[in-house]
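Biologist: Please take a close look at one helix in this model and the loop that leads to it. Then place that part against the rest of the chain.

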Amino acid sequence: MKILENISLKPYNTFGIDVKARRLVLLEPGDDVPPLEGEVLLLGGGSNMVFTKDYDGTVVTLAHIHHSTFNIQHSKVTAWGGMVMDDLVQWSLDHGLYGLENLSAIPGTVGASAVQNVGAYGAEAKDFIESVEAYDLKERCRCSFSNEECRFAYRDSMFKHYPNRYLILYVTYHLHKEYVPNLSYKALEGLPHDTARQLRDSITAMRWQKLPRPEEHGSAGSFFKNPVVDEATYRRLKAEYPDMPEAHKASEGYKLSAGWLIDRAGWKGRTQGRAGVWPKNALVLYNAGGCTGDEVRALAAAIQDDVKHKFNITLTPEAIII
């Protein structure tokens with residue numbers, strides 16, 4: 001365990017915003033969680049955080065190291081919450097366990113995959129998570145949750161409704177010994193998929209064609225959730241905008257493309273201050289050079305206003321603004 005004082009959080013958030021924390025606690029597997037007084041912020045990979053000011057409290061994060069065990073007989077993998085999610089995808093394929101391929105190249109950690117219920121290309125973390133082991137900062141004890149108890153929904157879980165209470169230490173995934181490609185998402189049609197590695201490589205390449213390279217521009221990946229509307233709203237919009245992509249029908253309703261809405265509202269490729277909308281993917285806001293969290297927040301608000309005015313659709317940030 002490391003405890004650092006007055007530390008810059010720039011290396012701990014993918015937007016690359018330079019703010020400081022009064023204290024940072026960095027935990028590794030086997031460490032006990034120390035007593036934490038005052039305001040506490042639990043931070044995963046920082047891939048969905050936008051800091052607008054210095055944090056006058058304690059930030060707790062897990063070391064981003066490879067630490068996982070598996071039961072090959074029952075196709076289960078238990079991974080350290082601080083492990084990078086994309087590393088787990090590769091690790092599972094190396095050990096002959098399949099299912100996570102569609103989640104390739106998603107930024108963030110294993111722990112965040114459960115908090116956020118990350119998803120891409122027709123798959124979500126909830127499809128594979130069997131249980132979550134966490135430390136309850138309020139009760140100061142370890143606890144575990146089944147998939148059902150996590151109350152997963154679209155980009156949501158029980159953990160998001162109790163912010164900064166549960167530090168996720170381990171996540172157990174139930175995978176498959178047999179590779180069966182999930183090609184349910186339209187964008188995957190025609191991609192090479194004879195093997196799991198082929199599909200992973202194809203998805204990774206496709207994602208990086210649309211995302212800024214982190215060594216060049218900071219971002220939080222997809223900044224907004226795809227809005228979910230009822231059938232009447234979808235039919236109205238489709239009639240008015242025939243070029244609108246077909247909505248993905250889910251149990252919650254019709255999932256629209258937030259990226260398309262932002263593009264049609266005229267924001268794709270534009271900048272405001274030192275924050276911008278990525279030219280190749282309107283769903284991604286990025287750091288155009290030394291931007292502040294306030295600049296990102298102002299840009300997001302301007303986009304929301306324009307989309308609401310043009311389509312009467314409310315965009316909800318997937319990123320968390322601190």
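Modeller: The helices and strands named here are DSSP runs, at least four residues for a helix and at least two for a strand, numbered from the N terminus. The model is a predicted one.

Begin with the loop between strand S12 (166–174) and H3, where Lys-177 is found. Lys-177 counts as partly exposed because its relative accessibility is 49%, and partly exposed covers the range between under 20% for buried and over 50% for exposed. Apart from neighbours within four places in sequence, Lys-177 is in contact with Ile-72, Gln-73, Ser-75, Gly-96, Leu-97 and Tyr-98. Val-229 lies 52 residues from Lys-177 along the chain, and their C-alpha atoms are 37 Å apart.

The helix itself, H3, runs over residues 196–210. From the first C-alpha to the last, its 15 residues reach 22 Å, close to the 21 Å expected at 1.5 Å a residue. Ala-196, Leu-199, Arg-200, Ser-202, Ile-203, Met-206 and Arg-207 are the buried residues of H3. Viewed down the axis of H3, these buried residues fall within an arc of 165 degrees, so they line one face of the helix. Exposed residues Asp-201 and Gln-209 sit on the face of H3 turned away from the buried side. The cover over the buried residues of H3 includes helix H1 (85–94) and strand S8 (119–120).

As for the rest of the chain, the largest nonpolar core has 48 residues. Phe-224, Ile-262, Leu-285 and Ile-303 have the most contacts inside this core. Elements giving two or more residues to the core include strand S2 (20–27), strand S5 (55–62), helix H4 (231–240) and helix H6 (293–311). H6 supplies the largest share, seven residues. Neighbours within four places aside, Ile-303 is in contact with Phe-224, Ile-262, Trp-267, Val-277, Leu-285 and Leu-315. A second, separate core of 41 residues includes Ala-196, along with Phe-128, Cys-143 and Leu-188.

S2, one of the elements of the largest core, is mostly covered, with six of its eight residues buried. Strand S1 (residues 2–8) pairs with S2 in the antiparallel sense over six bridges, and Leu-24 in S2 is the bridge partner of Leu-4. S2 also pairs with S5, here in the parallel sense over six bridges, with Leu-24 opposite Val-59 in S5.

Note on methods: Residues numbered from 1 in each chain as written. Predicted model: local features only at pLDDT ≥ 70, side-chain atom pairs only at ≥ 80, totals over all residues. Heavy atoms only, no water. Expected span 1.5 Å × (residues − 1). Buried < 20%, exposed > 50% of the residue type's maximum accessible area, 1.4 Å probe, protein only. Arc of directions from axis to C-beta. Contact = heavy atoms within 4.5 Å. Core = buried A, V, L, I, M, F, W, Y, C linked by side-chain atoms within 4.5 Å. Pairing = 2+ DSSP bridges.
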